[in-house]
Amino acid sequence: MKDMAGPEIKEYHAHVYFQESTRKTAEELYERIGQLFGENIHRNSIASGPRGPHVQCMFGLDIPKVHFESVLAFLLVNHGRHPILFHPVTDNELLDHTHHALWLGQPQALDLSCLV
């Protein structure tokens with residue numbers, strides 16, 4: 001296979017979005033992820049408002065490359081009504097959150113001005 005050199009991916013992030021009406025199921029998903037993946041991934045605290053480019057409630061996951069496939073597979077079938085943004089972590093946060101992004105569910109608005 002030909003070398004497909006591109007930006008180095010250090011790890012992956014996932015951002016699980018929710019509304020106040022879906023907070024309970026988001027918190028349940030947060031706990032289930034902790035039970036299933038334990039110390040293999042880092043669960044960031046639940047944000048009840050804007051954090052970085054994320055303008056609505058969400059929680060983030062820091063996913064080492066070795067665990068990306070299993071976390072993605074789990075969330076593909078278990079994200080329920082929660083949209084999720086997956087993106088790599090490279091040296092270009094703007095491209096990571098846009099061009100290199102993968103969405104489960106409906107894409108959500110981001111405030112990209114803080115990434116420029």
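**A five-stranded sheet and its aromatic contacts**

Tyr12 stands opposite Ile63 in strand β3. This pairing is a convenient way into the structure, which is a predicted model. Tyr12 itself lies in strand β1. Strand β1 covers residues 11–17, and β3 covers residues 58–63. The two strands run antiparallel and are joined by six bridges.

β1 also pairs with β4, again in the antiparallel sense and over six bridges. Here Val16 of the chain stands opposite Ile84 in β4. How much of β1 is buried? Six of its seven residues are buried, and the strand is mostly covered.

The whole sheet can now be laid out. It is an open sheet of five strands, in the order β2-β3-β1-β4-β5, with antiparallel pairing. β2, residues 42–43, and β5 stand at the edges. Each of these two has a single partner strand, so one side of each is left without a neighbour in the sheet. Helix α1 packs on the sheet, where it touches β1, β2 and β3. The direction of α1 makes about 15 degrees with that of β3.

Helix α1 (residues 23–37) also meets helix α2 (residues 68–78). Their axes come within 12 Å and cross at roughly 145 degrees, and the crossing is right-handed. On the α1 side, the contact is made by Leu29, Arg32, Ile33, Leu36 and Phe37. On the α2 side, Ser70, Val71, Phe74, Leu75 and Asn78 take part. Sorted by class, this contact of α1 with α2 has seven nonpolar, two polar and one charged residues.

The next topic is the aromatic rings. The count comes to five aromatic pairs. One of them is formed by Tyr12 and Phe68, which are stacked, at 4.0 Å centre to centre and with 25 degrees between the planes. Tyr12 belongs to strand β1 and Phe68 to helix α2, so the pair ties together parts that are 56 residues apart in sequence. Both Tyr12 and Phe68 are buried.

Tyr17 and Trp103 form another stacked pair, at 5.8 Å centre to centre and with 25 degrees between the planes. This pair links distant parts of the chain, since Tyr17 is in strand β1 and Trp103 in strand β5 (residues 102–104), 86 residues apart. Are the two partners buried or partly exposed? Tyr17 has a relative accessible area of 0% and is buried. Trp103, at 22% relative accessibility, counts as partly exposed, because the cut-off for buried is under 20%.

Tyr12 and Phe68 also belong to a wider group: together with Phe86 they form one aromatic cluster. Phe86 is found in strand β4 (residues 84–89). With a relative accessible area of 2%, Phe86 is buried. Which residues does Phe86 touch, not counting those up to four places away in sequence? They are His13, Ala14, Ile63, Phe68, Leu72, Leu75, His100, Ala101, Leu102 and Leu104. One of these, Leu102, is 16 residues from Phe86 along the chain, and the C-alpha atoms of the two are separated by 5.1 Å.

The path ends back at its start. Ile63, the residue opposite Tyr12, is among the contacts of Phe86, and Tyr12 shares an aromatic cluster with Phe86.

How values were computed
Residues are numbered from 1 along each chain as its sequence is written. This is a predicted model: local features need pLDDT of at least 70, side-chain atom pairs count only at pLDDT 80 or more; totals for chains, interfaces and linings use all residues. Side-chain values use heavy atoms; hydrogens and water are left out. Helices (H or I, at least four residues) and strands (E, at least two) are DSSP runs, numbered from the N terminus. Buried means under 20% relative accessible area, exposed over 50%, partly exposed in between (1.4 Å probe, protein chains only). Contact means heavy atoms within 4.5 Å. Two strands pair if DSSP finds at least two bridges between them. Axes are lines fitted to C-alpha atoms, for helices over the stretch in contact, and angles run from 0 to 180 degrees between N-to-C directions. A crossing is left-handed if the near helix is turned anticlockwise from the far one by less than a right angle, and right-handed if clockwise. Ala, Val, Leu, Ile, Met, Phe, Trp, Tyr, Cys and Pro count as nonpolar, Asp, Glu, Lys and Arg as charged, and the others, Gly among them, as polar. Rings of Phe, Tyr and Trp (its six-membered ring) pair if their centres lie within 6.5 Å; planes under 30 degrees apart count as stacked, over 60 as edge-to-face and the rest as tilted.
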